[in-house]
Amino acid sequence: MKPVKVGICGLGTVGGGTFNVLKRNAEEIARRAGRGIEVAQIATRHPNSKCDTGSTPITVDIFDIVNNPEIDIVVELIGGYTVAKQLVLKAIENGKHVVTANKALIAVHGNEIFAKAREKGVIVAFEASVAGGIPVIKAIREGLAGNRINWLAGIINGTGNFILTEMREKGRTFEDVLKEAQELGYAEADPTFDVEGIDAAHKLTILASIAFGIPLQFDKAYTEGIARLTTADVNYAEALGYRIKHLGVARRTEAGIELRVHPTLIPADRLIANVNGVMNAVMVNGDAVGSTLYYGAGAGMEPTASAVVADVVDVTRALTTDPNNRVPHLAFQPDSLSDHPILPITACESAYYLRIQAKDHPGVLAQVATILSERGINIESIMQKEAEVQDGLVPVILVTHRVVEQRIDDAIAALERLDDVVDKVVRIRVEQLN
Ligand code: HSE
C-alpha cells in the first residue's frame with residue numbers, strides 16, 4: 001500500500017521530535033499502522049539543530065503544506081490561536097486530516113474546528129495537547145468509555161511542577177528555575193501561561209469535555225497561578241502532612257461542573273503528591289473503575305512527539321473507515337453533548353488551608369473560631385506557631401472541612417476586618433483525592 005504522506009508545520013521542540021521519532025521508528029510504526037508513514041514536506045523558518053531533515057522538502061510557508069495535494073495528514077505544531085486556527089481550518093477545507101499538539105487552539109476554538117471537521121469527514125486528533133506523552137485523552141475517551149466519570153484531577157503543567165519541585169527540594173528561586181524550564185523547551189512562548197495556570201486551564205478544559213461530554217468552555221474555567229506561593233506556606237503545608245501542587249480539578253456535581261486550576265494542598269502520601277519535576281499525572285475517577293492514575297513526561301521533545309506520532313498512526317488506521325463510525329472528537333456523539341453548566345468558583349466546594357497573621361493576644365483564636373463556626377465551617381486542624389512570634393504577630397494556620405467557597409470568602413472578609421488580624425488571609429484549597 002502507498003505510504004501515508006504527512007506534512008509537518010513547525011520544526012521547533014515538538015516538530016523536531018516528531019520528525020526524529022517518525023524517522024527512527026519508521027519500520028515499527030509501519031508495522032503498527034499497516035502502511036508506511038512518510039514526511040513529505042516540512043514548513044519552518046528556522047532549521048532545528050537537533051533534527052537532520054536530509055532530503056525532505058522544506059518550505060517557509062506553512063500554507064504550502066495544507067495546499068500540497070500529496071499530503072494526507074497535516075501536523076500543526078506552530079502553536080498560538082490565530083494563524084494556527086487559519087491553518088487548521090484551511091487543512092480541513094482541503095479535506096486533510098489534522099494532528100495537533102495545540103491545547104490553546106483546541107480549548108478555545110475546538111467546538112468550531114470539530115464542527116467543520118465533521119462536515120468534511122476528517123479527523124482532528126489532539127492527544128499531544130494534554131499532558132505531553134501520557135495517552136490520557138485516549139484513556140478517558142476510549143479506555144474508560146463504560147464509566148460515568150465523577151472527577152479528575154491533574155498536574156498538567158510540567159513547567160509549573162518543575163518550578164515547585166526545584167523550589168521545594170533545592171531552595172532555588174522562582175525566576176532561576178523558570179529560566180531553566182525555558183532553556184529546556186518546556187515553557188510556553190509566553191511563560192505566564194505556565195505560571196498563571198492558563199496552559200493548565202486549556203488542558204483541563206479539554207479533559208473535562210471528554211470526561212463529561214460537554215462542549216469546550218475555556219472561558220468558564222477558574223484559574224489561579226503559583227507565582228504568589230511562599231516558602232512559608234510550602235513549609236507549613238509539609239508540617240500538616242501535605243504537599244502543594246498546581247492542580248487542575250474537574251468535578252461533576254448535581255448543580256454543575258467544577259472546572260478550576262489553582263495551587264492545592266494534597267496529602268503527602270498520595271501518589272500524585274509525589275509527582276515531581278516536569279512529570280505530569282492525571283487521576284480519573286469513574287463509577288465502575290474507581291480511581292485511576294496516569295503518569296509520565298508532560299512536556300519535552302520526544303515525549304510530546306510520542307503522542308503526536310500515536311495520533312498520526314491512529315489517523316492512518318482510520319483513513320478508510322466511515323467518518324460516522326469513528327471515535328467522536330469529544331468522546332461523546334456531537335448531538336449528545338450535555339448543557340450541564342460550569343459552576344462559578346464561588347459555588348465550588350473544597351477544604352481550605354488558611355494562614356492568618358494575628359496579633360499575639362488572648363482571645364484571638366476564639367474570635368477566629370467564632371467567625372468560622374457562625375458560617376458553618378468546621379475546622380479540621382489548627383496550628384499556632386508560637387515559636388515564630390515576630391513583632392507581636394503570630395501565624396495561625398488552619399485546615400477546614402469541605403465547604404462551598406462563598407462561605408470561605410465571607411469568613412475571610414470577616415477575619416480581615418478583625419483588629420487583631422493584620423495582612424490578607426492566605427487561602428489555599430485542599431483536596432484529599434480519595
Ligand atoms: N508548557 C507546557 C508545560 C508544555 O510545561 O507543561 C506542554 O504542554
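This is a short tour of one predicted model, from its annotated residues to its helices.

First, the ground rules. The model is predicted, so local features need pLDDT of at least 70 and side-chain atom pairs count only at pLDDT 80 or more, while totals for chains, interfaces and linings use all residues. Residues are numbered from 1 along each chain as its sequence is written, and side-chain values use heavy atoms, with hydrogens and water left out.

Let's start with the annotated positions. UniProt, in an unreviewed entry, gives "binding site" at Lys103. Its positions are in the numbering used here, feature names are shortened, and annotations may be inferred rather than shown by experiment. The same kind of label, "binding site" from an unreviewed entry, is listed by UniProt for Glu188. For Lys203, UniProt lists "active site", again from an unreviewed entry.

Where do these three sit? Lysine 103 is in helix H5, residues 103–120. Lysine 203 lies in helix H10. Glutamate 188 is in the loop between helix H8 (174–183) and helix H9 (192–195). A word on names: helices (H or I, at least four residues) and strands (E, at least two) are DSSP runs, numbered from the N terminus.

Is lysine 103 buried or exposed? Lysine 103 has a relative accessible area of 14%, so it is buried. Buried means under 20% relative accessible area, exposed over 50%, and partly exposed in between, with a 1.4 Å probe and protein chains only. Lysine 203 comes out at 5%, so it counts as buried. Glutamate 188 is at 22%, so it is partly exposed.

Now, who touches whom? Contact means heavy atoms within 4.5 Å. For the lists that follow, neighbours up to four places away in sequence are left aside. Lysine 103 is in contact with Ser129, Glu188, Asp199, His202, Lys203 and Ile206. So both other annotated residues are on that list. Glutamate 188 touches Lys103, Phe193, Asp194 and Asp199. Lysine 203 touches Lys103, Ser129, Val130, Ala131, Ile156 and Asn157.Next, the helix pairs. Two packed helices are described by the angle between their axes and the distance between the axes. Axes are lines fitted to C-alpha atoms, for helices over the stretch in contact, and angles run from 0 to 180 degrees between N-to-C directions.

Take H5 and H10 (residues 198–212). They pack at an angle of about 55°, with their axes 8 Å apart. That makes H5 oblique to H10. The cut-offs: under 35 degrees is roughly parallel, over 145 roughly antiparallel, 65 to 115 roughly perpendicular, and the rest oblique. H5 passes H10 in a left-handed crossing. Left-handed means that the near helix is turned anticlockwise from the far one by less than a right angle; clockwise is right-handed. On the H5 side, the contact is made by Lys103, Ala104, Ile106, Ala107 and Val108. On the H10 side, Asp199, His202, Lys203, Thr205 and Ile206 take part.

H10 also packs with H6. Here the angle is about 15°, and the axes are 9 Å apart. That makes H6 roughly parallel to H10. This crossing is left-handed too. Val136, Ile137 and Ile140 of H6 meet Ile206, Leu207, Ile210 and Ala211 of H10.

What covers the buried residues of H6? The cover includes strand E7 (149–155), H10, strand E11 (279–286) and E12. The buried residues of H6 (136–143) are Val136, Ile137, Ala139, Ile140 and Arg141.

Strand E12 (residues 290–297) holds tyrosine 295. Beyond four places in sequence, tyrosine 295 touches Ile134, Val275, Met279, Asn280 and Ala281.

Valine 124 is in strand E6, residues 124–125. At 2% relative accessibility, valine 124 counts as buried. Not counting residues up to four places away in sequence, its contacts are Ile92, Val98, Thr100, Ile106, Ile113, Phe114, Ala117 and His329.

Last, two more helices. H12 (residues 301–318) has 18 residues and reaches 26 Å from its first C-alpha to its last, close to the 26 Å expected at 1.5 Å a residue. The expected span is 1.5 Å times one less than the number of residues. Buried residues in H12 include Met301, Thr304, Ala305 and Val308.

H14 (residues 405–417) has 13 residues, which should span 18 Å; its end C-alpha atoms are 19 Å apart, which agrees. Glu405, Ile408, Ala411, Ile412, Ala414 and Leu415 are its buried residues. They pack against strand E13 (349–359), helix H13 (364–374), strand E15 (393–400), strand E16 (403–404) and strand E17 (421–430).
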